[in-house]
Every structure is written in C-alpha cells, then in structure tokens.
Amino acid sequence: MYASTKLPRTSALFVSALLGGLIFTSCASSSQLANKQLPRIAADSAGNSASAPASESRISQKAETAPIARSRPQLIKKAAISLTVNSVDKTVDAVSQIINQQQGDLIGLKQQQPKSDNPRYTATIQLRIPEDRLEPTLEQLAKLGTVESRNITAEDVGDRLVDFQARLTNLQKTEANLQKIMDRAGSVRDVLSVSQELSNVRQTIEQIDAQLKNLKNQVAYSTITLNLEAAVSSTSPQPAFGLQVQETWNNSTHSLSAFSVGLLKLGIWLIVYSPYLLIFAALIYGFNRWRRTHSLRLTQTPESTRSE
C-alpha cells in the first residue's frame, strides 16, 4: 500500500522538474534572442538619429538656396509720343474720348495756331492714366495719326517707399511715447518742452506722409505727353483790297514818322557835339591855310634865285 502511493509522488516530481527545465530553457533562449535584437534596434535608432541632422541640414540648404520671393517693383512710368495728324482739332476731341474711356485725367493742353515762322498747327497734351492701362492707351493714341517718335521711361522707387514707410512708423511710435511722457509730465517747463518736441515730430510726420502719398500716386498713375502736329500747313486767306491799302498807308506813315524822329535825333546830336565840330573845322581850316602859304613860298623862292 505504501509503495503504491510513493510511486505517483515521484512521477509527479519528475514531471514538474521536466516542465521547469523546459520553461527555464525557453526563457534563456528568449533572453538571448532579445539581447541579439537589442543592438540592431539601437543601431537602427542611431542611424535614424544620425540621418535626421543630415536631412535637416539638406532642408536648411534648400531653404537657403531657394529664391526669395520679391515684391512687385514700384515703378513711376512716363511716356512721350509724337503724332502727325490731318486735323489737330479733331484729334484733340478723340484724345478726350480716349481719356474718358481709360478713366484718366487731362492735366495740360497747349494749342499753337499757325504763324509766319511756324506755319503748322501744333498742340501738346499731357494726360494721366492708371498704370495698368498705359500700354492700351498708347496703342489707341498711335492709331490717331502717324507716329513720329515714342518713348517710355520707368523709375523704381520701391526703396524710397520702404524708407518713407519705416521712418513714418518710427515717428508715429515716437509721437505715442512723447504723448505718454506729456501726460505724466508735472512741471510747466517739462510740458512745454515735450509739447515742442511733439509738434516737431508731428510736422515731420506730415511731411513724410505727404511725400509717401505723392510717390504712391505717381506709381499708381502714369503720365503721357502727346505732341500733335498738322500734316499739311494751313494757309491764311488773302486780305481784302481795302485792308491792303490801309496796311500800306499805316506802314508808310509809320516810316515817315520814324524818319522824322531820326532826323530830329540827329540834329540834337549835332547841337550837343557842335563845339567839338567847330574845333575840328578850325583845325582843318588852319591846316589848309598853312599848306597854301607854304606852297606859295616855295614857288616864290625859285623866281628870286633866277632874277639874281
């Protein structure tokens, strides 16, 4: 009875020992496998950490080499065009219509009627057009006649605009600070000093603001100078016969009066210089008399020598 109960206990112990060994070996193998995989994971992480700065450096290099987006240039454009047209008056009317179509302004008009030295009818027109409509306006103006010359100039004032804007911002900050100081000032002397400085700053702000607005206006609107000249010289009509006679009479009387005034002026000059004229006449008379006396003596001398 005792032997039968002992055998099962030993078999149970053997089985438990076998299971424990299997569990121990499996744990050892898993720990070894984990130890083998740890360096690979560490190496992968090291590689990723090493590649990260390289990728960041490449990104930074690309950012440095990438072109910087520049703002649109601020240009003041001026154009000049000369046309030869058949009729200056009709062309001026057509230019007025073009100005209205392009939403521009007429800022100057000078017409010169035909003269003797310049027999052609000419006109000069100055107009202001929005900057984006400069080219279409020039194309429409060129269709009004024959283009003799065409010129477009542009000036970049972007740096000046940025400078004016920066100075204006700084002065506005200075104005705000001076206002705060003035609010905290106690004595009358300090208030007057800060008030004077504040007035100077505000005056400078107004000047810079006016210059900034003027530049922006010149950038927004382009100026065109249009010179018109008639193709055929206009001839003036022949005046009537009565007008010709009257003009001849006026010219002759004017000439007679001018001649009379000239003689009167000459007489006044002679009267003023009469003493010098008398002296000059006396000198001439004395010289002639001396010459005659001298020639008479020379003629009498040979006769006396012959008689002897």
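This report describes the fold of a predicted model and the surroundings of its helix α3.

## Overall fold

The protein chain contains seven helices and five strands. Along the sequence these elements are arranged in the pattern α-β-α-β-β-α-β-α-α-β-α-α.

The chain has 308 residues, of which 15% count as buried. Where contacts link residues at least 6 apart in sequence, 77% of them join residues at least 24 apart.

## The buried side of α3

Helix α3 spans residues 134–142, and its residues L134, T137, L138 and L141 are buried. These residues lie on the same side of α3, because they cover an arc of only 100° around the axis. An α-helix has 3.6 residues a turn, so residues three or four places apart point the same way.

The partners of this buried set include both helix and strand elements: its residues pack against helix α2 (88–101) and against the strands β1 (75–85), β3 (122–130), β4 (146–156) and β5 (221–230).

## Packing of α2 with α3

The axes of α2 and α3 are 11 Å apart, and the two helices pack at an angle of about 160°. Angles over 145 degrees count as roughly antiparallel, which means that α2 is roughly antiparallel to α3. The crossing in which α2 passes α3 is right-handed.

On the α2 side, the contact involves V95, I98 and Q101, which meet T137, Q140 and L141 of α3. By residue class, this contact of α2 with α3 comprises three nonpolar and three polar residues, and no charged ones. T137 and L141 thus appear in the contact with α2 and are also among the buried residues of α3.

Terms used. Residues numbered from 1 in each chain as written. Predicted model: local features only at pLDDT ≥ 70, side-chain atom pairs only at ≥ 80, totals over all residues. Heavy atoms only, no water. Buried < 20%, exposed > 50% of the residue type's maximum accessible area, 1.4 Å probe, protein only. Helix = DSSP H or I, 4+ residues; strand = E, 2+ residues; numbered from the N terminus. Arc of directions from axis to C-beta. Contact = heavy atoms within 4.5 Å. Axes fitted to C-alpha atoms, helices over the stretch in contact; angles between N-to-C directions. Parallel < 35°, antiparallel > 145°, perpendicular 65-115°, else oblique. Left-handed = near helix turned anticlockwise from the far one by under 90°. Nonpolar A, V, L, I, M, F, W, Y, C, P; charged D, E, K, R; others polar.
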